[in-house]
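User: Please take a close look at the ligand site in this model. Then set it against the rest of the protein.

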Amino acid sequence: MKKTLEALDGPALEGQRVLVRVDFNVPLAEGQVADDTRIRAALKTISWLRTRGCRVVLMSHLGRPKGKVVPALSLRPLIPVLEHHLGAPVLFIEDPLSNDAVQRTRRMKRGEVALVENTRFWPGEETNAGDFAEALARLGDFFVNDAFGAAHRAHATTEGLAFRLRPAVAGFLMAKELEHLDAAVTNPRRPFVAVIGGAKISGKIDVIEALLPKVDEILLGGAMANTFFLAMGFEVGTSLVEPDRVEIAQKLLENAGDKIVLPTGAVVAQQLSGNAEIREVARESIEPGWSVYDIDHATVADFTERILAARTVVWNGPMGVFETPPFDAGTLGVAAALAEATEHGTITVVGGGDSAAALALAGLQGRITHLSTGGGASLEYLEGKPLPGVEALNDA
Ligand code: ADP
Ligand code: MG
């Protein structure tokens, strides 16, 4: 267990400068924040600190500027959004390495908030340079990491800084992520069912292998199921497959026994278009020239039944090309099953950017136990890999 913000509660917080690593890697469109979900997710930690009289200095990366100043990736457009949510002015610190930056944090009033420019504008961020972390550490008196989505990377503001600015503790969002993911992987209530989909089997082999010994069933959909179909000797037409992963798929099927549950049928078309001719076929009847774009109704019914019988469900990766209706039906069906299971007391955890987008599309974000804000980080956590950003924090 890692130390959390709550453990620091007390009068000593008053007037402290708190450096908070947040995940403000938000989508921008025409120089404005297109979706402020990640900003809103950090508000709990920020407000908690402000009401205790802390001076809050926020930092985050955004996009991939690769160690250079890229004006289009500046965090400046986030200022009005933050000000709106906080109802207070927010300082912008353009050059966090300058002496002026340090002076400005010292002059901040209690409860005041500042935002540092995109940390990836400096090469030291991604190389986890000691001198860069050292310089940033001058902007605060202690460190809070609330950027779960970046915790799988050992960068200066996610890892190096935590070792240089003690105490280093988990913010509310980080703590919530760890609590829910942990509840799912260590000592889950059974049956424990994982639902894994998405485009590629290659990116998810590790998580499938890591989850297999822990789960009672693993339901596979999305394009990765096609590679399993190929391993089973079925025709897959022009479907997205990874021929170099057929052997791994075969091995997984041999070793997993009945645990791996594959779709029994598919929604196929000759083009990826909502106007194309669409058929539902059994998995052994996919014809040359046709592509699998979704799981079929029978599979949705089968997966739904298994999800409703579970007491813990982890979901990562859509069941089909949900961006192109009607190939969203399988994914929306699974999302609905998770929402229904949650109503009956099942713990449901969803990770992955596209899976989260699909949930939002279905309007079901609020109806599952926990929607992880970190795609890559949640996958690595489920795989049982230590996350550098978490490891570096003080133990409870
Ligand atoms: P997540 O972000 O939730 O981890 P992934 O990034 O692994 O999910 O996969 C999402 C992508 O997988 C989506 O863009 C979706 O269109 C694609 N996908 C799912 N099923 C298929 C399929 N049958 N054929 C092609 N692409 C698919
Ligand atoms: Mg994705």
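Analyst: Start at the backbone. A polar backbone atom of glycine 353 sits 3.4 Å from an oxygen atom of ligand 1. Keep in mind that this is a predicted model, so every distance here is computed from predicted coordinates.

Next come the side chains. Serine 355 places a polar side-chain atom 2.5 Å from an oxygen atom of ligand 1. Glutamate 323 gives the figure of 2.5 Å as well, between an N or O atom in its side chain and an oxygen atom of ligand 1. With a cut-off of 3.5 Å for a pair of N or O atoms, the 3.4 Å pair at glycine 353 falls within the limit.

How much of ligand 1 does the protein bury? Taken alone, ligand 1 exposes 580 Å², and the protein buries 81% of that.

Now the wider surroundings. Ligand 1 is surrounded by 18 residues. The closest are Ala199, Lys204, Glu323, Asp354 and Ser355. Glu323 and Ser355 are the residues already met through their side-chain atoms, each at 2.5 Å from a ligand oxygen.

Step back to the domains. Domain 1 covers 5-173 and domain 2 covers 188-382. The numbers of the five closest residues fall within the range of domain 2. Glycine 353 carries a number in that range too.

How do the two domains meet? Their centres, taken over C-alpha atoms, are 36 Å apart. Contact involves 5 residues of domain 1 and 7 residues of domain 2. The two domains bury about 540 Å² between them, with 66% of it on carbon and sulfur atoms. On the domain 1 side, Phe148, His152 and Leu173 lose the most area to domain 2. Together they make up 74% of what that side buries.

Which kinds of residue line that side? The residues of domain 1 that touch domain 2 divide into 2 nonpolar, 2 polar and 1 charged. The count of salt bridges between the domains is 0. Residue pairs in polar contact across this interface also number 0, with both residues required to be at pLDDT 80 or more.

Definitions and conventions
Residues are numbered from 1 along each chain as its sequence is written. Chains are lettered from A and ligands numbered from 1 in the order in which they are written. This is a predicted model: local features need pLDDT of at least 70, side-chain atom pairs count only at pLDDT 80 or more; totals for chains, interfaces and linings use all residues. Side-chain values use heavy atoms; hydrogens and water are left out. Domain bounds come from an automatic or database domain assignment. Contact means heavy atoms within 4.5 Å. Buried area is the accessible area (1.4 Å probe) that two parts lose on being put together, summed over both. A salt bridge is a side-chain nitrogen of Lys or Arg within 4 Å of a carboxyl oxygen of Asp or Glu. A polar contact is a pair of N or O atoms within 3.5 Å; within protein, one must be able to donate a hydrogen and the other to accept it, and residues adjacent in sequence count only if both atoms are side-chain atoms. Ala, Val, Leu, Ile, Met, Phe, Trp, Tyr, Cys and Pro count as nonpolar, Asp, Glu, Lys and Arg as charged, and the others, Gly among them, as polar. A residue is near a molecule or strand if one of its heavy atoms lies within 4 Å of it. Accessible areas come from the Shrake-Rupley method with a 1.4 Å probe; for residues, only the protein chains shown count as cover.
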